[in-house]
Amino acid sequence: MTATNNLCLGMAAVYTFFGVTLFVAPDVCWGPESPLSYWTEMDTSGVWFGRCLGLWMSTVTMSPYTIGMPKSLMARLYIVPNVFFMFLFVQASFFLETTGPGRNAVLPVNMWWTQLPVAATLLAWNVKALQEGGKKD
């Protein structure tokens, strides 16, 4: 399996799952009362934005499998978000005061910590996919 395929499959697996749950019930799945709380505060604007983001995440990351979007094109698209996600996940993990753990947390840690190795893996696959140059969609 190529880095491009790994990247697209990884992005779809992570962000479609997260996206669908954000779209359906961001506050229930990831909000302050959730056992897997990513946010210790979430008002109606956060729910609204979570739903919009969840729909976008799911639609875009599934596009190679639903509408035939070329995976090499997705690798070029993903590089900017993946670089910035790494910085944002570090910020959420270590510097924000509203990112857990929540009151009902299954794990007594900030759930954003779990995203750091995922983001690093996706970023590494993304860099390797760009080096492949789209020769193996």
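A search of the whole structure, which is a predicted model, turns up one cavity of 30 Å³ or more. This largest cavity has a volume of about 70 Å³. Its lining is made up of Met 11, Tyr 15, Trp 56, Met 57, Thr 61, Tyr 78, Pro 81 and Phe 85. Three elements give two or more residues each to that lining, namely helix H1 (3-24), helix H3 (44-66) and helix H4 (71-94). By class, the lining of the largest cavity holds seven nonpolar residues, one polar residue and no charged residue.

Open space is found as well. The largest pocket encloses about 670 Å³. Its lining counts 27 residues, and Phe 18, Trp 39, Leu 53, Phe 89 and Trp 112 are those nearest the centre of the pocket. Here too, the elements that contribute two or more lining residues are H1, H3 and H4. The lining of the largest pocket divides into 20 nonpolar, six polar and one charged residues.

Several of the cavity-lining residues return in the packing of the interior. The largest nonpolar core has 25 residues, and the members that touch the most others are Leu 7, Met 11, Tyr 15, Tyr 78 and Phe 89. At least two residues of this core come from each of H1, H3, H4 and H5. In soluble globular proteins, nonpolar side chains tend to be buried together. Among these core members, Met 11, Tyr 15 and Tyr 78 also line the largest cavity, while Phe 89 is one of the residues nearest the centre of the largest pocket. Tyr 78 offers a closer look at the contacts involved. With neighbours within four places in sequence left aside, Tyr 78 is in contact with Leu 7, Cys 8, Met 11, Val 60, Thr 61 and Asn 126. Of these partners, Met 11 and Thr 61 are also among the residues that line the largest cavity.

Ser 63, a residue of helix H3, makes a useful polar counterpoint. Its relative accessible area is 5%, below the 20% limit, so Ser 63 is buried. Not counting residues up to four places away in sequence, Ser 63 touches Gly 68, Met 69 and Met 74.

Aromatic rings are a recurring theme. A pair of such rings is described by the distance of the centres and the angle of the planes. Over the whole structure, 12 aromatic pairs are found. In one of them, the ring centres of Tyr 38 and Trp 39 lie 6.2 Å apart with the planes at 50°, so this pair is tilted. The two partners fall into separate accessibility classes: Tyr 38 counts as buried because its relative accessibility is 4%, whereas Trp 39, at 23%, counts as partly exposed. Ring pairs also link Tyr 38 and Trp 39 into a cluster with Tyr 15, Phe 17, Phe 18, Trp 30, Phe 85, Phe 89 and Trp 112. The cluster thus reaches both kinds of space described above: Tyr 15 and Phe 85 line the largest cavity, and Phe 18, Trp 39, Phe 89 and Trp 112 are among the residues nearest the centre of the largest pocket.

A further aromatic pair joins Phe 94 and Trp 113. With centres 6.3 Å apart and planes at 25°, under the 30 degree limit, this pair is stacked because of its angle. The pair links distant parts of the chain, with Phe 94 in helix H4 and Trp 113 in the loop between H4 and helix H5 (115-132), 19 residues apart. Phe 94 is partly exposed at 49% relative accessibility, and Trp 113 is likewise partly exposed, at 40%. Beyond residues up to four places away in sequence, Trp 113 touches Ser 93 and Phe 94. From Trp 113 to Leu 55, the C-alpha to C-alpha distance is 24 Å, with their positions 58 residues apart in sequence.

The loop between H4 and H5 holds further points of interest. Glu 97 is found there, and with a relative accessible area of 77% it is exposed. Glu 97 and Trp 39 are 58 residues apart in sequence, yet their C-alpha atoms are 9.2 Å apart in space. Pro 101 also has its place in this loop. The peptide bond that joins Gly 100 and Pro 101 is cis, with omega at about 5°.

How values were computed. Residues numbered from 1 in each chain as written. Predicted model: local features only at pLDDT ≥ 70, side-chain atom pairs only at ≥ 80, totals over all residues. Heavy atoms only, no water. 1 Å grid on protein atoms, 1.4 Å probe; cavity = no way out; pocket = protein on both sides within 12 Å on 5 of 7 lines; lining within 4 Å. Points joined across faces, edges and corners; volume = space filled by probe spheres on them. Helix = DSSP H or I, 4+ residues; strand = E, 2+ residues; numbered from the N terminus. Nonpolar A, V, L, I, M, F, W, Y, C, P; charged D, E, K, R; others polar. Phe/Tyr/Trp six-rings, centres within 6.5 Å; stacked < 30°, edge-to-face > 60°. Buried < 20%, exposed > 50% of the residue type's maximum accessible area, 1.4 Å probe, protein only. Core = buried A, V, L, I, M, F, W, Y, C linked by side-chain atoms within 4.5 Å. Contact = heavy atoms within 4.5 Å.
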